[in-house]
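This report examines one residue and one covalent link in turn. The reader is invited to follow each point in the sequence and the structure shown here.

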Amino acid sequence: MPEDASGDYDSDGAAALFDLYFFDDCLTKDGPGIFGGPGHDAGPGCRFADFDADRDVDLLDFAEFQNLFTSP
């Protein structure tokens, strides 16, 4: 399980393209267990992408993910 607010979905020590794929799901997907965007509780599977601990994944969280992003 990834650490909350780490941006590192696969827990390999880097926020890279693989992690971006899952971050994007948490930001945009509307489906079973994941409801992305402002004001929607993203659920426990997306806590790694919730940098400001407000229970949703939005563009504020994406801005922080960009700061942590490393090249593959």
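## Terms and model

A residue is called buried when its relative accessible area is under 20%, exposed when that area is over 50%, and partly exposed in between. The structure discussed in this report is a predicted model.

## The surroundings of A5

A5 belongs to the segment before α1, the helix that spans 17–28. Because its relative accessible area is 30%, A5 counts as partly exposed.

Which residues does A5 touch, apart from its neighbours within four places in sequence? The contacts are R47, F48, D50 and F51. A further relation concerns A53: although A5 and A53 are 48 residues apart along the chain, a distance of 7.6 Å separates their C-alpha atoms.

## The disulfide

How many disulfides does a search of the whole structure find? The search finds one. The partners are C26 and C46, whose sulfur atoms lie 2.0 Å apart. The angle about the S-S bond is -85°, and the link of C26 and C46 is left-handed.

C26 is part of helix α1, while C46 sits in the loop between β2 (34–35) and α2 (59–68), so the pair ties together parts that are 20 residues apart in sequence.

## Burial of the two cysteines

Are the cysteines of this link buried or exposed? C26 has a relative accessible area of 3% and is therefore buried. C46 is likewise buried, because its relative accessible area is 1%. Both values fall under the 20% limit for a buried residue.

Note on methods
Residues are numbered from 1 along each chain as its sequence is written. This is a predicted model: local features need pLDDT of at least 70, side-chain atom pairs count only at pLDDT 80 or more; totals for chains, interfaces and linings use all residues. Side-chain values use heavy atoms; hydrogens and water are left out. Helices (H or I, at least four residues) and strands (E, at least two) are DSSP runs, numbered from the N terminus. Buried means under 20% relative accessible area, exposed over 50%, partly exposed in between (1.4 Å probe, protein chains only). Contact means heavy atoms within 4.5 Å. A disulfide is a pair of cysteine sulfur atoms within 2.5 Å.
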